[in-house]
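Here are some comments for you to read alongside the sequence and the structure. Please keep both in view as you work through the numbered points.

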Amino acid sequence: MRKDDCIFCKIANGEIPSRTLYEDEMFRVILDLGPATRGHALIIPKEHFLNLYELPEEWCAKAFVLAKRMAEQMMEKLSCDGFNLVQNNGEVAGQTVSHFHIHLIPRYQEDGQKISWEQTEPAPEELDAVREAICREA
């Protein structure tokens, strides 16, 4: 099901023109209009899912298989030096469009991008507490 006021639904379903790299019955892959690097693209499902948590497992599996295929093709065709797959969920995590999507970001030596985070040094007790919280039976 698509959402009428969602720009990514409109792009994915061809209502808004895009520079499409790939399309099938479930997904459209487009070049990002505000790219981090040369070739930065987005995988967008044609159905509306807010984020990863709403995405059915079948769609998730197909999205990441498609991401692998596109990354391989882009590595070869663009001669990039590395690759980032980025998938944000929620505003605090950097999601700016409320429609699940995966960023395909080719990386080049000296491209000036910093897609990383500051590492912390939690105490072993904190790591144990986090593990316990995640693994605890509901």
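1. Glu110 sits in the loop that links strand 5 (102-107) to helix 3 (124-135), and in this predicted model the residue has a positive phi of about 65 degrees, even though it is not a glycine. That value deserves a second look, because most residues other than glycine have a negative phi. Glu110 counts as exposed because its relative accessibility is 78%, where the cut-off for that word is over 50%.

2. Ser79 invites a similar check, since this residue is not a glycine and yet has a positive phi, here of about 50 degrees. The residue belongs to the loop between helix 2 and strand 4 (82-86). Is Ser79 buried or exposed? With a relative accessibility of 56%, Ser79 counts as exposed.

3. His48 should be read with its surroundings in mind, and its place is in the loop that runs between strand 3 (41-45) and helix 2 (57-78). The relative accessible area of His48 is 18%, and therefore this residue is buried, given that the word applies to values under 20%.

4. Which groups does the side chain of His48 reach through polar contacts? One partner is the side chain of His99, joined to the side chain of His48 by a polar contact of 3.1 Å. Another is the backbone oxygen of Ser98, which the His48 side chain reaches at 3.5 Å.

5. Turning to the chain as a whole, you can place these loops within a protein of 3 helices and 5 strands. Read from the N terminus, the elements follow the order α-β-β-β-α-β-β-α, and the C-alpha atoms fill a box of roughly 50 × 40 × 25 Å when this is taken along the principal axes.

6. On contacts and burial, please note that among contacts in the protein with a separation of 6 or more, 52% are between residues 24 or more positions apart. Of the 138 residues in the protein, 36% are buried.

7. The last point concerns the surface and the charges. The protein exposes about 9400 Å², and carbon and sulfur atoms supply 51% of that area. There are 15 positive and 24 negative side chains in the protein, and the centres of these two sets lie 8 Å apart.

Conventions. Residues numbered from 1 in each chain as written. Predicted model: local features only at pLDDT ≥ 70, side-chain atom pairs only at ≥ 80, totals over all residues. Heavy atoms only, no water. Helix = DSSP H or I, 4+ residues; strand = E, 2+ residues; numbered from the N terminus. Buried < 20%, exposed > 50% of the residue type's maximum accessible area, 1.4 Å probe, protein only. Contact = heavy atoms within 4.5 Å. Areas by Shrake-Rupley, 256 points an atom, 1.4 Å probe, with all protein chains shown as cover. Lys, Arg positive; Asp, Glu negative; His and termini not counted. Charge placed at Lys NZ, Arg CZ, Asp CG, Glu CD. Polar contact = N/O pair within 3.5 Å; in protein donor to acceptor, adjacent residues only side chain to side chain.
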